Amino acid sequence: MGETSLRKRGEDEKSIQSNEPKTTSLQKEVGLVSGICIIVGTIIGSGIFISPKSVLSNTETVGPCLIIWAACGILATLGALCFAELGTMITKSGGEYPYLMEAFGPIPAYLFSWTSLMVMKPSSFAIICLSFSEYVCAPFYSGCKPPETVIKCLAAAAIMLITTVNALSVRLGSYVQNFFTAAKLVIVAVIIISGLVLLAQGNTKNFENSFEGTKLSVGTVSLAFYNGLWAYDGWNQLNYITEELKDPFRNLPRAIVIGIPLVTVCYILMNIAYFAVMSPTELLQSQAVAVTFGDRVLYPASWVVPLFVAFSTIGAANGTCFTAGRPYKSPSPLLSSVFATPKDDSQQMRGLYRRCASNTIDGIIATIYIIPGDINSLVNYFSFAAWLFYGLTILGLIVMRFTKKDLERPIKVPIFIPILVTLISVFLVLAPIISRPAWEYLYCVLFILSGLIFYFLFVYYKFGWAQKISKPVTMYLQMLMEVVPPEKETE
């Protein structure tokens, strides 16, 4: 939007309209069908190959397990609709950061940026690389669990490779992502079609008395949601396609309402396919669920499953790293304050600098996380932090209904939806702590609160000695920028 229209706005709306430098305007070439495809491709990743075992371990029986998968899809849909309202109301980039800034001020917004950089992005990266490692190792250790050392060393190698690729070249990272996205959709289709064929052949024994012996508690339900929602992660970023959508205010909610339920159906069908081949006990004993499925259904071509699952997980890891630097092109002061981006550099070089910084930090912290952590503890660690800020962001939507009534809302959801999602978020954050306290929740809280130290040192007071501490890192990244030819970053 041009400067003339900006001057005509009131002070409140000025703070919400993006003041970022104008970039290339994206043509509105994405229709409803393409929008749905983007949603499905964004959400479906490594989670569906990781989470079925963990969800079942908390629900114990088939019936509640499938209900949890459906409920997670409904919650993701409602959350995405809330974010669609926020994204069309507050047009700045940066994900939750500008929403929290407008609703609650700089400290919660900064803590989100800090938590995203130090907790959510690296832990997500670590989880996916550990999953990749497990599926790669599984065929070589048939009938037994691969050694932890082998799994973690391979995961660390994957983190280093992906971080290097994305730090050095945006274009190469995008090419890798396109290939692995196709592989991901192929293996999902293979599993679903195989499951439907098995059901048609009468393999329904494991669905009989599917609620018998169910013993649920508040803690087990919340942990089952944590693992199920991990597979839906990405629903909160769907409003990022608004600029490229034809008739976005109409097609965005339609794409959400069609796309996420479509993902939900795929996930339920994949779980049904697993249960058509394995009993709950066998599924829980499996080292890699999809590999066991392939061994029993696709032999002698069972090697296809671990290969394509590995492609899917490494593609998801690449996508996580590829987008790691994106939030820091926003007004977030996190990287710019800590690493003192050179003021005399061009906008393009500064963007490369920040992307390189965020990717490097992401890779280092993810490597640290895989040393003591396993997939389940890291999923709980990630989900606790993620739903704390998802809930806080959607609470901000409710707050702004009263504090910023005059803002234009092209998409406006019924008020009961953000209230419901906020209450569920409170449940997801508090229930595991109360019923099943674990160290990862304490570590997560400490990491989040430690962001306050950096906020006051680097942003609020801007102590000179604090900037000097970060100077060696700044110099290293400047040297890296000197040997890497600048590329035009695609938006």
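## Aromatic pairs

Y381 counts as buried, its relative accessibility being 6%. The cut-off for that label is under 20% relative accessible area. This description concerns a predicted model. Y369 is also buried, at a relative accessible area of 10%.

The rings of Y369 and Y381 form an edge-to-face pair, because their planes stand at 75 degrees with the centres 5.3 Å apart; an angle over 60 degrees is what earns that name. Y369 belongs to helix α16 (residues 347-370), while Y381 belongs to helix α17 (residues 375-403), so the pair ties together parts that are 12 residues apart in sequence.

## A pair between distant parts of the chain

In total, the structure holds 22 aromatic pairs. One of them joins W69 and Y267, whose rings lie 5.6 Å centre to centre with 75 degrees between the planes, an edge-to-face arrangement. This pair links distant parts of the chain: W69 sits in helix α5 (residues 62-89) and Y267 in helix α11 (residues 248-277), 198 residues apart.

Relative accessibility is 0% for W69, so this residue counts as buried. Y267 likewise has 0% relative accessibility and therefore counts as buried.

## The aromatic cluster

Some ring pairs join up into a group. F83, Y99, W235, W387 and Y390 are linked by ring pairs into a cluster. Among these residues, W235, W387 and Y390 also appear in the lining of the second largest cavity.

## The second largest cavity

A probe the size of a water molecule, rolled over the atoms, shows where empty space is left. The structure has two cavities of 30 Å³ or more. The second largest cavity contains about 50 Å³ of space.

Which residues line the second largest cavity? Its lining consists of Y226, L229, W230, D233, W235, F382, S383, A386, W387 and Y390. By class, eight of the lining residues are nonpolar, one is polar and one is charged. The charged residue is D233, because Asp is placed in the charged class. S383 is the polar one, because Ser is not listed among the nonpolar or charged types.

Two helices, α10 (218-231) and α17, each supply at least two residues of this lining. Helix α17 gives the most, with five residues. Helix α17 is also where Y381 of the pair with Y369 lies.

Definitions and conventions. Residues are numbered from 1 along each chain as its sequence is written. This is a predicted model: local features need pLDDT of at least 70, side-chain atom pairs count only at pLDDT 80 or more; totals for chains, interfaces and linings use all residues. Side-chain values use heavy atoms; hydrogens and water are left out. Rings of Phe, Tyr and Trp (its six-membered ring) pair if their centres lie within 6.5 Å; planes under 30 degrees apart count as stacked, over 60 as edge-to-face and the rest as tilted. Helices (H or I, at least four residues) and strands (E, at least two) are DSSP runs, numbered from the N terminus. Buried means under 20% relative accessible area, exposed over 50%, partly exposed in between (1.4 Å probe, protein chains only). On a 1 Å grid over the protein atoms alone, a cavity is a set of points where a 1.4 Å probe fits but cannot get out, and a pocket is an open set with protein on both sides within 12 Å along at least five of seven lines; lining residues have an atom within 4 Å of a point. Grid points are joined across faces, edges and corners, and a volume is the space filled by probe spheres set on the points.
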